[in-house]
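Me: I have a protein to look at and I'm new to this. Can we go through it together?

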Amino acid sequence: MRRIALLTAGGDTPALNATIFGAVERANELRIEVIGIIKGFGGLLDPNVPHLRLNPLYSTIPELDPRCGGTILGSSRTYIDESHSDELKLVKKRLDQLGIEGLICIGGDGTINGMQPVSQFMPCVLAPKTIDNDLGLNYLDETNEWVREVDPETKKEHFRKLPSKQDIELDDIVNFATPGYATAVYVCAQGVQRIRTTAESHRRIAIVEVMGRESGYLALGSAYGQPDIILIPEVPLNYERFEQRVRDLYDVQKNVVIVIGEGLRDENGKRLGDISQSVDPAGNVIFSGAAEVLQNMLIDSLGDHYFVSRKRHELAKSATFTRKIGHTQRGGRPILFDRFYATQLGGKAVDLIVQRQNNYVAILQWSEQKGFYVSSINGNALRDSWRGIHPRLLHLGFYDEHRFQPSKLGVDYLSKIFTDAIGSDDLEQIREDLFDTGHLKTRYQSSNVRIHKHIRYLNSNSINEERPDDQF
């Protein structure tokens with residue numbers, strides 16, 4: 001194999017460049033050219049196919065820095081539809097014109113589905129990424145626990161997961177942790193710690209909402225910031241018990257910090273937050289307002305008298321507040337754990353392509369004997385009986401729903417990832433770079449500007465003709 005292509009798709013994470021870097025460095029060793037496709041699958045659907053050489057003369061371009069968050073290739077949530085046969089034929093023709101013999105996609109479950117049509121005519125593999133840590137399985141047989149049902153009123157199909165097996169071992173987990181997750185937890189834990197001092201100073205109840213959609217991994221990891229209560233989407237909210245816990249804590253320490261996953265549900269299984277009618281470009285319903293809804297529930301049930309009687313001199317509304325960690329979870333410099341294993345998984349993806357392991361996924365595994373190591377799995381092993389891929393839910397064995405905290409197994413899981421997750425260079429970078437006086441004198445130098453100088457376009461005359469006036 002002489003030339004392969006690589007793209008990043010879906011939402012951004014801090015470890016994407018590190019994965020690209022790992023793939024390119026491994027390709028250099030094997031003397032394989034790597035073409036980076038600009039803006040994910042959208043680049044393949046563009047007749048001009050904006051692209052660049054990531055390793056001219058088998059040397060990684062200097063703009064590719066594994067310590068830099070995001071992706072120098074850009075990303076989009078545009079995907080290829082296998083039912084559009086004419087469109088698929090054009091994609092094949094463009095890849096053939098570029099001399100591409102294999103495709104590496106860096107992404108999550110949407111990206112697996114996006115590369116499926118391409119894998120019909122070219123070897124394709126996935127290097128995983130997601131801050132939600134929801135790409136994988138708690139155990140290999142978990143895909144068989146999904147059942148398809150039809151709503152008798154709307155006639156719409158939906159999927160329901162049967163109860164998981166109660167006991168699992170950590171080495172049962174397929175894809176133990178996904179690059180991007182560790183850095184996102186680092187940001188969440190810092191956010192909780194900083195909000196705590198405000199809650200303490202003003203005797204308030206703080207509700208901190210973290211990402212994760214339907215999976216509670218980020219909320220669980222926020223335990224490193226020592227919130228008093230953690231609420232995850234996988235366990236419906238028992239409001240009566242929750243409220244009593246809030247009262248007990250507030251009476252003792254005069255403040256409470258609560259972390260909730262954005263997909264938190266009530267006792268009837270309905271998502272707590274308002275759900276907008278819109279969806280993101282991947283088709284996912286956009287969640288909004290879970291923290292605000294929980295705040296209003298506390299305001300109503302606690303009431304003004306609760307705070308006034310304790311001489312807080314504030315009404316319930318001003319004694320509670322919400323904050324979203326938001327997109328800061330997705331960006332910035334990746335910490336050591338993410339940088340190291342992202343590069344390993346990128347390199348593994350190249351090996352899989354060379355071995356023509358079509359439709360495979362590079363995964364990070366853990367065992368008591370080996371510790372962390374990279375491996376692979378066929379992408380179909382992640383699909384249910386109807387070929388769907390579901391987000392991995394946090395196994396209930398990781399969570400103590402009575403204490404609203406990680407269980408013993410959950411603590412064991414998190415400690416495997418985070419005990420040595422931060423490197424000395426991460427701390428040194430903060431000391432040297434954050435308050436660098438040069439930042440006050442120069443404008444931010446976007447990598448997009450430098451990358452644009454490398455971009456080439458496909459046309460009928462030459463695959464290397466440059467089009468400097470076009471935007472990417």
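Reply: Here is a short walk through the domains, the cores and two helices.

Me: Before that, what kind of model is this, and how are residues numbered?

Reply: It is a predicted model, where local features need pLDDT of at least 70, side-chain atom pairs count only at pLDDT 80 or more, and totals for chains, interfaces and linings use all residues. Residues are numbered from 1 along each chain as its sequence is written, and side-chain values use heavy atoms, with hydrogens and water left out.

Me: Fine. How is the protein divided?

Reply: Into domain 1 (3–177 + 334–394) and domain 2 (186–330). The bounds come from an automatic or database domain assignment. The C-alpha centres of the two domains lie 32 Å apart.

Me: How many residues are in contact between them?

Reply: 16 residues of domain 1 are in contact with 17 residues of domain 2. Contact means heavy atoms within 4.5 Å.

Me: What does UniProt say?

Reply: An unreviewed UniProt entry carries the annotation "domain: Phosphofructokinase" for residues 3–135 and 177–353. Such annotations may be inferred rather than shown by experiment, and positions are given in the numbering used here, with feature names shortened.

Me: Now the inside. How many residues has the largest nonpolar core?

Reply: It has 101 residues. A nonpolar core is a set of buried Ala, Val, Leu, Ile, Met, Phe, Trp, Tyr and Cys residues joined through side-chain atoms within 4.5 Å. Buried means under 20% relative accessible area, exposed over 50%, and partly exposed in between (1.4 Å probe, protein chains only). L231, F242, I258, L294, Y413 and I417 have the most contacts inside this core.

Me: Which helix gives the most to it?

Reply: Helix 5 (residues 181–202), with 9 residues. Helices (H or I, at least four residues) and strands (E, at least two) are DSSP runs, numbered from the N terminus.

Me: And where does this core lie?

Reply: Domain 1 and domain 2 both give residues to this core, so it lies between them. There is also a second, separate core of 31 residues, including A5 and L98.

Me: Back to Y413. What is it in contact with?

Reply: Leaving aside neighbours within four places in sequence, Y413 is in contact with N133, L170, I173, F176, A177, Y217 and F398.

Me: F242 was on that list too. Which residues of helix 7 are buried?

Reply: Y239, F242, E243, V246, L249 and Y250. They cover an arc of only 130° around the axis, which puts them on the same side of helix 7. The arc is that of the directions from the helix axis to the C-beta atoms.

Me: What do they pack against?

Reply: Strand 8 (205–210), strand 9 (229–231), strand 10 (256–261) and helix 8 (290–308). The face turned away from the buried side of helix 7 carries the exposed residues E240 and V252. K254 follows helix 7, and its phi is positive, near 65°.

Me: New topic: V91. Buried or exposed?

Reply: V91 is buried, with a relative accessible area of 0%. It is found in helix 3 (residues 85–97). Not counting residues up to four places away in sequence, V91 touches L44, L45, I80 and F121.

Me: Which other residues are buried in helix 3?

Reply: L88, R94 and L95 are buried along with V91. They cover an arc of only 120° around the axis, which puts them on the same side of helix 3. On the other side, D86, K89 and K93 are exposed.

Me: What covers the buried side?

Reply: The cover over the buried residues of helix 3 includes helix 2 (40–45).
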